[in-house]
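Got your viewer open and a hand on the mouse? Let's take a walk through this structure, one selection at a time.

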There are 2 protein chains.
Amino acid sequence: MKTLAAQVITPEDLLIHWQGHRKLTRNLIEKFPEKDFFEFSIGGMRTFAQLTDELLAIAAPALKGIVNKEIKPYTEASEKLIFKAQYLEKWDEATAEINEYWKQLSIEDFSETFNLFGQYEFPIIQNVLYFIDNEVHHRGQGYVYLRALNIEPPFFWER
Amino acid sequence: MKTLAAQVITPEDLLIHWQGHRKLTRNLIEKFPEKDFFEFSIGGMRTFAQLTDELLAIAAPALKGIVNKEIKPYTEASEKLIFKAQYLEKWDEATAEINEYWKQLSIEDFSETFNLFGQYEFPIIQNVLYFIDNEVHHRGQGYVYLRALNIEPPFFWER
């Protein structure tokens with residue numbers, strides 16, 4: 001993909017930005033003690049494992065839907081993961097899938113609308129920004145869980 | 001500012017995106033009981049008032065620095081705010097300032113580097129994405145504070 005005109009952000013840099021965030025979230029998953037990843041929460045919120053289920057159900061599947069123009073409802077994986085190592089494996093699979101699907105997006109595609117999960121009809125750029133923001137949002141919650149567990153979270157700048 | 005070539009995201013849409021997040025953060029500040037805004041925290045973290053001090057010290061001052069090419073160290077306001085209403089007033093002032101400064105950025109500017117606070121030398125687009133991500137990150141923490149206080153936070157989609 002060749003960028004000819006000046007861009008606010010290029011597709012290449014937006015992918016690096018997204019994957020940088022995903023790397024930080026992966027580090028956060030690693031910091032959780034096995035038990036707390038699946039059991040700890042505050043104020044009736046989801047555990048970080050459950051939040052990660054959501055993140056995994058969005059990123060690669062949503063981008064796949066966009067690229068293939070296939071509208072599928074939001075669904076979390078039916079396979080129940082019971083170890084953190086399984087989550088990290090799924091995370092890495094998604095990282096590679098995202099890199100592959102991303103190559104199929106042209107600059108023009110970002111302003112096309114896509115009905116994400118059959119529910120959110122917005123330009124693709126807004127869908128992508130949502131994937132990132134939603135992850136940063138939930139990861140911020142994970143930072144509080146770690147602090148409450150007296151564990152030093154990774155530096156926000158570390159990507 | 002006229003966009004001639006296809007853009008992944010236009011400056012206009014990136015501003016709307018940023019201000020949409022700022023609107024949601026403003027809603028979050030409003031949801032906090034006066035006392036808890038200044039006193040509640042989890043795991044030794046900053047209160048939401050202190051986190052808001054940081055957000056206010058970044059957004060408009062940082063964008064002003066970028067536009068005026070003035071490198072100033074990061075500093076939080078010396079004036080101590082003691083009411084939530086004062087924070088909301090500062091928030092709205094920053095909203096208007098951001099809109100004004102934003103008009104002075106051209107598409108070409110976003111790929112220029114700027115040494116933010118004399119510490120973070122990155123392309124301007126990365127500085128701007130940092131302002132947004134950092135706010136989403138801390139606001140996600142505010143969501144946990146509200147949940148821990150048994151208060152329903154605003155819907156993440158509401159901007």
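Start by selecting Glu12(B), which sits in helix 1 of chain B. (Helices here are DSSP runs of H or I with at least four residues, strands are runs of E with at least two, and both are numbered from the N terminus.) Glu12(B) has 33% relative accessibility, so it counts as partly exposed. On the scale used here, buried means under 20% relative accessible area, exposed means over 50%, and partly exposed is in between, with a 1.4 Å probe and protein chains only. Now add Asp133(B) to your selection: the two residues are 121 apart in sequence, and their C-alpha atoms are 18 Å apart in space.

A quick word on what you're looking at: this is a predicted model, where local features need pLDDT of at least 70, side-chain atom pairs count only at pLDDT 80 or more, and totals for chains, interfaces and linings use all residues. Residues are numbered from 1 along each chain as its sequence is written, chains are lettered from A and ligands numbered from 1 in the order in which they are written, and side-chain values use heavy atoms, with hydrogens and water left out.

**Next stop: the largest cavity**

Keep Asp133(B) selected, since it is one of the residues lining the largest cavity. The others to click are His17(A), Leu129(A), Ile132(A), Asp133(A), His17(B), Leu129(B) and Ile132(B). Helix 5 (124-148) of chain A and helix 5 (124-148) of chain B are the elements that give two or more residues to this lining. What is the lining made of, in nonpolar, polar and charged residues? It divides into 4 nonpolar, 2 polar and 2 charged. (Ala, Val, Leu, Ile, Met, Phe, Trp, Tyr, Cys and Pro count as nonpolar, Asp, Glu, Lys and Arg as charged, and the others, Gly among them, as polar.)

How much space lies in the largest cavity? About 50 Å³. The count comes to 3 cavities of 30 Å³ or more. For the rule behind that, picture a 1 Å grid over the protein atoms alone: a cavity is a set of points where a 1.4 Å probe fits but cannot get out, and lining residues have an atom within 4 Å of a point. Points are joined across faces, edges and corners, and the volume is the space filled by probe spheres set on them.

**Along helix 5 of chain A**

Now select the whole of helix 5 of chain A. Its 25 residues reach 36 Å from the first C-alpha to the last, close to the 36 Å expected at 1.5 Å a residue. (The expected span is 1.5 Å times one less than the number of residues.) This helix is mostly covered, with 22 of its 25 residues buried.

Zoom in on Gln141(A), which is part of this helix. Gln141(A) is buried, with a relative accessible area of 2%. Its side chain makes a polar contact of 2.9 Å with the side chain of His138(A). (A polar contact is a pair of N or O atoms within 3.5 Å; within protein, one must be able to donate a hydrogen and the other to accept it, and residues adjacent in sequence count only if both atoms are side-chain atoms.)

Move on to Asn150(A), in the segment after helix 5 of chain A. Most residues other than glycine have a negative phi. Asn150(A), though, has a positive phi, near 65°. Buried or exposed: which is Asn150(A)? Exposed, with a relative accessible area of 73%.

**Over to helix 3 of chain A**

Select residues 48-68 of chain A, which make up helix 3. Its 21 residues should span 30 Å at 1.5 Å a residue, and the end C-alpha atoms are 30 Å apart, which agrees. Look for a kink of about 30° centred on Pro61(A). (The bend at a residue is the angle between axes fitted to the seven residues ending there and the seven starting there.) In this helix 16 of the 21 residues are buried, so it is largely enclosed by the rest of the structure.

Step off the end of helix 3 to Lys69(A), whose phi is positive, near 50°. Lys69(A) lies in the loop between helix 3 and helix 4 (84-102) of chain A, and is exposed at 68% relative accessible area. Leu116(A) is 47 residues away from Lys69(A) in sequence, but C-alpha to C-alpha they are 9.7 Å apart.

**Last stop: where the chains meet**

Finish with Gln7(B), in the segment before helix 1 (11-31) of chain B. At 7% relative accessibility, Gln7(B) counts as buried. A polar atom of its side chain lies 3.0 Å from the backbone nitrogen of Val8(A).

Definitions and conventions. On a 1 Å grid over the protein atoms alone, a cavity is a set of points where a 1.4 Å probe fits but cannot get out, and a pocket is an open set with protein on both sides within 12 Å along at least five of seven lines; lining residues have an atom within 4 Å of a point.
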